[in-house]
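Please open the structure in the viewer and keep the sequence panel visible. The stops below are given as selections, each followed by what is to be found there.

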Amino acid sequence: MQLTVPDAVQAKWQGIVDIMAQITGVPAGLIMRIVGDQIGVFVASRTEGNPYHPGESETLSGSGLYCETVIRSRDALLVADALADPLWRSNPDVARNMVSYLGYPISWPDRTPFGTICLLDDRHNAYTEFYKALVLQFRGIIEDDLELIHVDARRAAAEDALAASERRWRFALEGAGQGVWDFDLRTGSAFYSRGWKSMLGHADDEIGGGQDEWSSRLHPDDRARSLSAAREVASEIEYRMRHKDGRWVWILSRGTVVERAADGTALRKIGTHTDITALKQAEEALSAEKERLRITLSSIGDAVICTDAEARVTFLNPVAERLTGWPQAEALDRPVAEVFRLVDEATGGTVPDPVRLCLDRGEPFYLEDEVTLATRGGETRHIRDSAAPVRTAAGEVIGAVLVFQDVTKARALQRELAHSALHDALTGLPNRTAFEQRLQQAWDQARDQRRRHVLCFLDLDRFKPVNDSAGHAAGDALLREVAGLIRSAARIGDFAARLGGDEFGLLLEDCATVDAEVVVRGLIGALEGLRFPWDGRIHTIGASAGLTAITEASPRPAELLTQADAACYAAKAAGRSRALVYEGQDGMVPLQPRQVLGAAGLRRAIDTNRFRLFAQELRDLRPGDGTRHVELLLRLEDGSGTVFEPGGFIPAAERYDLMVSLDHWVIRTALGRYGQRIRDGNLSIGLNLSAHSLQDARLWPFVQEQLRASPLPSLRVHFEITETALINNLSAASQFVAKARSAGCGVTLDDFGTGISSFTYLRQVPVDGLKIDGSLIRRIKGSLVDHAIVRSINEIGHGLGTRTVAESVEDDETLRMVQDLGIDRAQGYAVGPVRPLDQVI
């Protein structure tokens, strides 16, 4: 059915959509009509920001429009936020920024679809029941009009029916509590609806038709801005108007220009008035409750306790009931310190009540250290808490909100991590860090208490052939057996550790050197007698050991390790499978060049610039900005031109506390000597930082000074920190990362993914990049587990907004796999070899 809608009816519908959009405050009110296989805009509200215009149309078949769904289902449709709903996210109306929709079908009297009536908004809108009722009332008016158009036999009664429709329209407006005004800007005349007049206490015949009827009733303080808003194209303003009884009524006025002259001059403006006096009066009364509700709701995932100004409990959420052991009914009106009882974990003493401190100070209070909550049932829980005051709009403190979390499991995990940080994962023995700490204690005892100890450095003989021929799994199993033998041979109270690779340390406390020799030789004998079966073969090993006495006259611990190492090497040079006591450098067998580079040699190499910077490319696997990326690597060149890799000098640098000096040399050389050339070569560089440097308070001031003096922009500088260094130096690392990133530098977490806590610390220390550990990358071709781990690391890294890098990409197949996984960059020999930095730039 394609009947013509008379101009008079269409004009009335124009008023309907204008008022509908005005009342609801949305940019678009529409009446859509079906013509053949097209659905088009029949009437569009003349509101500011409406992107729809009469005459526009779309084909009904699969257009994706909201209105097509209404027509096909013949039912109402409400979409609160299309951007949050995959079903609607790509429909054409979203392209016009219309993300919410409320629409109803319109039908002819014979139920043939005419089209729709709808509201569209450019923001999230759930459309209240009032809005739905309003649109349904207007739909009824339109369908009444369609019935009049449809029934030719009732033409004579059309005017009466249309008049009734007009009354329904007015009734809908009045029923909605809206007053309508219509200003003729050419003549100064105005129309005010009955609801507009009654809102101010006047009868219909008590207010005339001039615009001064409005302006003369404005509050003096609101008059200037109200008159200014009246001249705007679209306006929404709150102001006060004088009621007939003399009081002031708060009004929300919305208006829009609906008619213009050919030159664009506004000729007519219509709008609505809403009485918001009750809302204004309620705002102040609700302010305190809203603040309490806001804090409580924002904390609902944790345990929450609310109190009054006297620190007495007024509310516990279910989590707080469970953690404290107090049901809310029994806790109400009790002092919060009785319900929420804190004790110091170390001393068992009472901890100050955070709520009382918060109320006394009038400001939030946070317990910096984790404390223990003593529950009603006698249990203890480790918690972290904070308390904040609740204020009225006038600033008066009316209570407090206490929010706390149960961190018992986190504390247990922290202890586990602390244990892992000081123990070797393979053998279960303490690691080098723990051994150095214990050695420091022994040195302090010898100096302060004149106690005598012995340090033993033990290095396995013939271990490498076993590892190379039988494989790493065999080597690992053998190291575990060796660790067991060392534990058995050590005396009660001795301290054994794995220092790295096939090197072990043994600290024999309160022991004479001659007694230590007996213990160590017995251990060497046990290792000589070990028969290690693997894959049908029996493997044998041995060990050489070096001992040095720890007395009050001994040098510092680092030098003691050097002495024991030197004695161990002398034992190897003397035929292996023996133990020698350090008797001064003159009494030791001359060491090979690899061992000669002690503290003095390393310092001399730094001072004489015998170190060299090398670089390896990091290739972008996704489109980038054209900048090339390299990681800077350190090498040592001896007097003959031979270049040594880090394994030849880093252990000594760590042992002699020279890693900070090496890191400083790299930073100073890269940013100073090479800074301009790196900048000209459009390179960004990665600089490795050791755990020793992260613990050094001078690191950031030094870096800051070098950055200021360098021509290389800080955004081209990226610092790489290993996951282990981060975990073992969390506080210092967090501070450095925060300062480096605030200065514009990038920070990448290196060797990521091998620790049990890999993701735990990313929440505490946000970084710019994750370098996935090479051991995982090398195995992704043959291991579904490692492939899944790498994929998970990449996805979680991207979810946290960090860049991911695959290191140790050694062949084209691995390169293709990491690219398919969506990893951002790759590094390894499949990308490019390690080359001198001078060649790279």
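Select N609 to begin; in this predicted model, N609 is found in the loop that runs between α21 (599-607) and β26 (611-620). Its phi is positive, about 55°, although N609 is not a glycine. In general, most residues other than glycine have a negative phi. Is N609 buried, partly exposed or exposed? Its relative accessibility is 34%, so N609 counts as partly exposed, the range between under 20% for buried and over 50% for exposed.

Next, select R111. This residue lies in the loop between β5 (100-107) and β6 (113-121). Here too the residue is other than glycine and phi is positive, near 75°.

Move now to helix α2, residues 66-73. Colour its buried residues, which are Y66, C67, E68, V70 and I71. Then step to R74, just after α2, where phi is again positive at about 55°.

Return to C67 and display the cysteine sulfur atoms. How many disulfides does the model contain? With a disulfide taken as a pair of cysteine sulfur atoms within 2.5 Å, the count comes to 0. For C67, the nearest cysteine sulfur is that of C118, 3.9 Å away, and C67 is in no disulfide. C67 has a relative accessible area of 6% and is therefore buried, since buried means under 20%.

Select C358 for the next cysteine. C358 is in no disulfide either, and the nearest cysteine sulfur, that of C306, is 12 Å away. The relative accessibility of C358 is 0%, so this residue counts as buried.

For the last stop, show helix α23 (residues 659-673) together with helix α26 (residues 699-709). The axes of α23 and α26 come within 10 Å and cross at roughly 15°. Which term describes their relative direction? Angles under 35 degrees count as roughly parallel, and α23 and α26 are therefore roughly parallel to each other. The crossing of α23 past α26 is right-handed.

Display the side chains at this contact. From α23, select H664, I667, R668 and L671; from α26, select L699, F702, V703, Q706 and L707, which they meet. Sorted by class, the contact of α23 with α26 comprises 6 nonpolar, 2 polar and 1 charged residues. As a general point on the spacing of such positions, an α-helix has 3.6 residues a turn, so residues three or four places apart point the same way.

How values were computed. Residues numbered from 1 in each chain as written. Predicted model: local features only at pLDDT ≥ 70, side-chain atom pairs only at ≥ 80, totals over all residues. Heavy atoms only, no water. Helix = DSSP H or I, 4+ residues; strand = E, 2+ residues; numbered from the N terminus. Buried < 20%, exposed > 50% of the residue type's maximum accessible area, 1.4 Å probe, protein only. Axes fitted to C-alpha atoms, helices over the stretch in contact; angles between N-to-C directions. Parallel < 35°, antiparallel > 145°, perpendicular 65-115°, else oblique. Left-handed = near helix turned anticlockwise from the far one by under 90°. Contact = heavy atoms within 4.5 Å. Nonpolar A, V, L, I, M, F, W, Y, C, P; charged D, E, K, R; others polar.
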